[in-house]
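Please consider the following model from its overall arrangement down to one of its helices. The account moves from the order of elements to dimensions, and then to packing.

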Amino acid sequence: MKQILTYPNPILKQQSFPVTNFGLETQAVIDKMLDIVGKSDYSVGLAAPQIGKLQRIIAVSEIEGERTRLLPLINPEIVFFSKETHEDYEGCLSIPFKVGLVERSTKIRIRALDRNGNKIKLKAAGLLAREIQHEVDHLNGLLFFDRTSADKIYNYTIKDGKWVIQKQALTAEGVTL
Ligand code: CO
């Protein structure tokens, strides 16, 4: 996917700026992000810096059974992290063919704005909580590399839609964020 910046592009290490204008330009960035996540077979989330926009915008997927709802969050702030954490494989569109075992809080609470600038509050658990933590990290110039140790980063290939993690010769139902 050509439009996605990949590591080590220096933009990925920068802080993004809060969105203050909800006009056409911002709407176009949001639409583009939703389009990328919606069309991707294997990515469930995206942050604006990954398409070269240093704006605090993320798009995540809320997956409920067969249904997936795409959710844009503007200026998201995680205001609560559960002490309970969970370690799982995590990939990133900006870091092709690498996955990391990353520990994340299992539950979080978020304050954000919707695409019209209205305040929203939400709770997230499990995969959605992981997605949001990963994408908010992007807004602060952090990649999953920065959240784990080198011995927990592996190369992988994709076979039949699943990751084949090479070092461990295991197959995982991972997520790319
Ligand atoms: Co990512």
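**Architecture and packing**

Read along the sequence, the elements of this predicted model occur in the order α-β-β-β-β-β-β-β-α-β-β-β-β. The protein thus has 2 helices and 11 strands.

The overall dimensions can be set against a simple expectation. For 177 residues, a compact globule would have a radius of gyration near 16 Å, and the protein has 15 Å, so the two values agree. Along the principal axes, the C-alpha atoms fill a box of roughly 50 × 35 × 35 Å. Buried residues make up 35% of the 177. Among contacts with a sequence separation of 6 or more, 64% are between residues 24 or more positions apart.

Helix α1 permits a similar check of its geometry. This helix covers residues 24-39, and its 16 residues, at 1.5 Å each, should span 22 Å; because the end C-alpha atoms are 22 Å apart, the expectation is met.

Which residues of α1 are buried? They are V29, I30, M33 and V37. These residues cover an arc of only 95 degrees around the axis, and therefore lie on the same side of α1. The buried residues of α1 pack against three strands: β1 (45-47), β2 (57-64) and β3 (67-81). On the face of α1 turned away from the buried side, the exposed residues are L24, E25, A28, G38 and K39. Helix α1 thus has a buried side with V29, I30, M33 and V37, and a face turned away from that side that carries exposed residues, including L24 and K39.

Definitions and conventions: Residues numbered from 1 in each chain as written. Predicted model: local features only at pLDDT ≥ 70, side-chain atom pairs only at ≥ 80, totals over all residues. Helix = DSSP H or I, 4+ residues; strand = E, 2+ residues; numbered from the N terminus. Rg over C-alpha atoms; globule rule 2.2 N^0.38 Å. Buried ≥ 20, exposed ≤ 12 C-beta atoms within 10 Å, placed from the backbone. Contact = placed C-beta atoms within 7 Å. Expected span 1.5 Å × (residues − 1). Arc of directions from axis to C-beta.
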